[in-house]
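Colleague: I'm new to this one, so can I quiz you on how you arrive at your labels?
Modeller: Sure, go ahead. Here it is.

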Amino acid sequence: MTDPVRVLNVLGTTNLGGAESRVMELYRAMDKRKVQFDFLVHTDKEGQYDAEIKQLGGRIYHVPRFRVINILSYRKALHRFFGDHKEFVAVQGHMTSTAAIYLPIAKKAGVSMTIAHARSAGVDRGLKGIATKILRSSLKYKTDFCFTCSAEAAEAVYGKNWIEAGQVWTIPNAIDVQRFVFQEKVRQQVRKELGFDHEFVIGHVGRFGFMKNHSYLIDIFAQLCKIRDDAMLVLIGDGELKQEIQEKVNQLGLIKRVRFLGNRFDVERYYQAFDYFVFPSLFEGLPGSVAEAQASGLRCLVSDKVTKEVALTDLVTYKSIEEPAASWASEVMRNSKKALVREDMRAVIAEKDFDVQKLAVKMEAFYINGSNPPGFVTR
């Protein structure tokens with residue numbers, strides 16, 4: 001029996017983030033006898049997925065975090081790493097901010113196939129965001145394949161001309177649909193754990209970073225609380241702005257009505273307990289949490305800044321984040337009765353190629369054969 005081909009996924013960390021979760025979802029579904037994933041991360045800290053990666057047979061390697069001023073030592077670390085590791089058939093860069101640096105180094109070291117994978121339609125604020133735009137401006141010329149999760153992310157990273165030239169491939173942010181199917185028994189268990197009975201529960205899953213627009217989400221919830229006194233908000237995730245949001249919740253006198261649950265490996269259980277999913281992001285690539293919410297049969301109210309490709313079902317409604325928070329609260333109330341009826345969306349989502357089991361088979365063939373990307377050309 002031949003050894004599996006090894007694919008190196010380059011990420012910032014192996015924590016419970018959006019890109020990381022999508023990679024892990026695919027990794028679990030892959031036939032490890034054919035394809036094995038390894039990980040190169042930009043931190044020396046242990047990640048939340050590390051134990052599972054090792055259990056699945058993956059290896060985790062570390063390089064220093066890129067800080068612009070350390071570009072020479074960063075490049076030196078990458079040259080040393082790829083000089084020592086010749087086992088990778090492909091290197092897939094999910095962290096596009098420095099992919100124009102590490103992918104050419106991997107190629108020069110003998111890696112057969114390099115892949116840039118755009119997963120966000122925006123950048124951080126300030127100098128960091130400016131640096132990211134500059135660093136990845138040449139990325140499309142320095143990789144064998146340009147992948148994306150959405151048209152918006154593709155345009156942000158590769159530009160319109162590259163899309164029009166048919167040089168970008170959309171790979172669905174597929175999920176394990178079965179994992180998120182609604183179960184009334186699980187709903188009751190989780191709501192009991194949270195101390196809920198007949199409350200109307202708004203849910204949100206996402207890192208506490210500025211792109212997720214948590215401050216506006218709290219404004220929406222504050223308006224909803226004026227309309228109904230049984231409203232509760234559950235926030236899953238961690239991040240640099242968490243304390244700031246907690247302080248805002250406290251200042252508004254809502255601390256008893258908002259639950260901060262941190263990161264959860266069993267996030268699928270909490271979708272069951274929600275009644276509505278509200279997602280007012282400033283920008284996204286293609287948010288897996290909105291796909292997961294739909295798989296759970298949840299109605300979703302989503303920012304108009306989020307790609308339309310995430311509307312896998314008719315459960316998604318888009319709304320402008322320029323509108324007053326009260327307007328969002330009214331929209332939630334307008335559909336609140338419908339929201340209590342949960343539908344099985346497995347077939348609908350599978351038709352949209354968002355079933356990770358099907359994607360895994362296509363990706364295996366791609367990594368092994370080195371041609372014919374499994375997605376479709378972005379237009």
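Colleague: What makes you call strand S9 mostly covered?
Modeller: This is a predicted model, so keep that in mind throughout. Buried means under 20% relative accessible area, and in S9, residues 231–236, 6 of 6 residues are buried.

Colleague: Which residues of S9 point which way?
Modeller: Ala231, Leu233 and Leu235 point one way, while Met232, Val234 and Ile236 point the other way. All of them are buried. As a rule, side chains in a regular strand alternate between the two faces of the sheet.

Colleague: How do you know that S8 and S9 pair?
Modeller: Two strands pair if DSSP finds at least two bridges between them. Strand S8 (residues 200–205) and S9 have 6 bridges, in the parallel sense, so they count as paired by that cut-off. One example is Val201, whose bridge partner in S9 is Met232. Between the two strands, the chain crosses from S8 through helix H9 (residues 214–227) to S9, and that β-α-β crossover is right-handed.

Colleague: And what makes S9 and S10 a pair?
Modeller: The test is again at least two bridges, and S9 and strand S10 (residues 258–262) have 4, also in the parallel sense. Leu233, for instance, has Val258 as its bridge partner in S10. With helix H10 (residues 242–251), S9 and S10 make a right-handed β-α-β unit.

Colleague: Where do these strands sit in the sheet?
Modeller: The open sheet has 6 strands in the order S10-S9-S8-S11-S12-S13, and the pairing is parallel.

Colleague: Why are S10 and S13 said to stand at the edges?
Modeller: S10 and strand S13 (316–319) each have a single partner strand, so one side of each is left without a neighbour in the sheet. On average, neighbouring strands of this sheet are turned by 25 degrees against each other, direction ignored. Helix H9 packs on the sheet and touches S8, S9, S10 and strand S11 (276–279). The direction of H9 makes about 165 degrees with that of S9.

Colleague: Moving on to helices, how do H3 and H4 pack?
Modeller: Helix H3 (residues 71–84) and helix H4 (residues 99–108) pack at an angle of about 30 degrees, with their axes 9 Å apart. Their crossing is right-handed.

Colleague: Which residues make that contact?
Modeller: H3 brings Ile71, Tyr74, Arg75, Leu78, His79 and Phe82, and H4 brings Ile101, Tyr102, Ile105 and Ala106. By class, that gives 8 nonpolar, 1 polar and 1 charged residues.

Colleague: What makes Ser73 partly exposed?
Modeller: Ser73 has its place in helix H3. Partly exposed is the range between buried, under 20%, and exposed, over 50%. Ser73 is at 41% relative accessibility, so it counts as partly exposed.

Colleague: Why is Pro374 called buried, then?
Modeller: The relative accessible area of Pro374 is 15%. The cut-off for buried is under 20%, so Pro374 is buried. You'll find Pro374 in the loop between helix H16 (356–369) and strand S14 (376–377).

Colleague: What is Pro374 in contact with?
Modeller: Leaving aside neighbours within four places in sequence, Pro374 is in contact with Ile171, Lys362, Met363 and Phe366.

How values were computed
Residues numbered from 1 in each chain as written. Predicted model: local features only at pLDDT ≥ 70, side-chain atom pairs only at ≥ 80, totals over all residues. Heavy atoms only, no water. Axes fitted to C-alpha atoms, helices over the stretch in contact; angles between N-to-C directions. Left-handed = near helix turned anticlockwise from the far one by under 90°. Contact = heavy atoms within 4.5 Å. Nonpolar A, V, L, I, M, F, W, Y, C, P; charged D, E, K, R; others polar. Buried < 20%, exposed > 50% of the residue type's maximum accessible area, 1.4 Å probe, protein only. Right-handed = clockwise from strand over helix to strand, strands pointing away.
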